[in-house]
Amino acid sequence: MERTLVILKPGALQRGIVGEVISRFEKRGLKLVALKMARLDDEILAKHYAHLIDRPFFPWITASMKAAPVILCCWEGYDAVQVVRAMAGATKGSKAVPGTIRGDYSLSAQENIVHTSDSIENAAVELDRFFTAEDYFEYDSPLDPFKYAPDEK
């Protein structure tokens with residue numbers, strides 16, 4: 001099973017939609033294996049958004065991500081990275097289709113409710129950035145036979 005990172009940004013917390021967003025991933029059949037609230041600082045944001053550090057909007061991103069705590073989630077499931085990305089929708093909320101998280105809850109490229117890992121490789125790096133081995137929980141779900149074919153486990 002793949003694992004992927006989802007960060008519910010400060011806007012999700014401030015707007016009171018954390019439960020709604022988490023519920024969407026649960027209803028889709030993904031398994032929550034790690035969850036915590038954190039305040040992000042400049043050091044971790046510089047690592048996380050290193051690919052954007054030279055962009056003129058980088059200070060806006062860091063200010064936004066430090067405005068309130070974030071909710072860090074690790075979701076597990078078959079094709080989890082691709083499934084979560086599709087559920088999130090286009091980065092720019094105004095271009096995201098209705099029915100996606102960003103399409104239903106945002107209009108902005110920056111204030112777009114969630115960050116999601118964009119590849120299996122980046123998911124591994126990002127998860128290591130925010131979680132330790134002790135943060136993960138393994139547990140069986142009696143619903144797994146109703147979510148996956150035998151070759152999808």
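**Entry 1: helix 5 and its neighbours**

I began with helix 5. Its buried residues pack against strand 1, helix 2, strand 3, helix 6, strand 4 (114-116) and helix 7 (120-130). I am working from a predicted model.

Which residues of helix 5 are buried? I listed A80, V81, V83, V84, M87 and A88. They span an arc of only 165° around the axis, so they sit on the same side of helix 5. I then looked past the end of the element. G89 follows helix 5, and its phi is positive, near 90°.

**Entry 2: the cores**

Next I looked up the largest nonpolar core. It holds 22 residues, and L8 and F25 touch the most other members. Which elements supply at least two residues each? I noted strand 1 (2-8), helix 2 (18-28), strand 3 (70-77), helix 5 (80-88) and helix 6 (101-105). Helix 5 gives the most, with five residues.

I followed L8 further. Residues up to four places away in sequence were not counted. On that basis L8 touches V18, V21, I22, V70, I71, C73, I113 and V114. I also found a second, separate core, of 20 residues. Among its members are I61, M65, L72 and F131.

**Entry 3: the cysteines**

I checked for disulfides. A disulfide is a covalent bond between the sulfur atoms of two cysteines. I took sulfur atoms within 2.5 Å as the cut-off. By this rule the count is zero.

C73 is in no disulfide: the nearest cysteine sulfur belongs to C74 and lies 8.9 Å away. Because that exceeds the 2.5 Å cut-off, the C73 and C74 sulfurs do not count as a pair. The search from C74 gives the matching result, with the sulfur of C73 nearest, at 8.9 Å, and no disulfide.

Are these cysteines buried or exposed? C73 has a relative accessible area of 0%, so I entered it as buried. C74 is likewise buried, at 0% relative accessibility.

**Entry 4: A38**

I moved on to A38, which lies in strand 2 (residues 31-38). What does A38 contact, once its neighbours within four places in sequence are left aside? I found P69, V70 and L72. V70 is also on the contact list of L8, and L72 belongs to the second core.

I also looked up the spacing between A38 and K66. The two are 28 residues apart along the chain, and their C-alpha atoms are separated by 9.8 Å.

**Entry 5: the whole chain**

Last, I took the overall figures. How many helices and strands are there? I counted eight helices and four strands. From the N terminus the order reads β-α-α-β-α-α-β-α-α-β-α-α.

I compared the radius of gyration with the globule rule. A compact globule of 153 residues would come near 15 Å, and the protein has 15 Å, so the two agree. Along the principal axes, the C-alpha atoms fill a box of roughly 50 × 35 × 25 Å.

I noted that 48% of the 153 residues count as buried. The accessible surface is about 8400 Å², and carbon and sulfur atoms account for 55% of it. For contacts, I considered those with a separation of 6 or more. Of these, 75% link residues 24 or more positions apart.

How values were computed. Residues numbered from 1 in each chain as written. Predicted model: local features only at pLDDT ≥ 70, side-chain atom pairs only at ≥ 80, totals over all residues. Heavy atoms only, no water. Core = buried A, V, L, I, M, F, W, Y, C linked by side-chain atoms within 4.5 Å. Buried < 20%, exposed > 50% of the residue type's maximum accessible area, 1.4 Å probe, protein only. Contact = heavy atoms within 4.5 Å. Arc of directions from axis to C-beta. Rg over C-alpha atoms; globule rule 2.2 N^0.38 Å. Areas by Shrake-Rupley, 256 points an atom, 1.4 Å probe, with all protein chains shown as cover.
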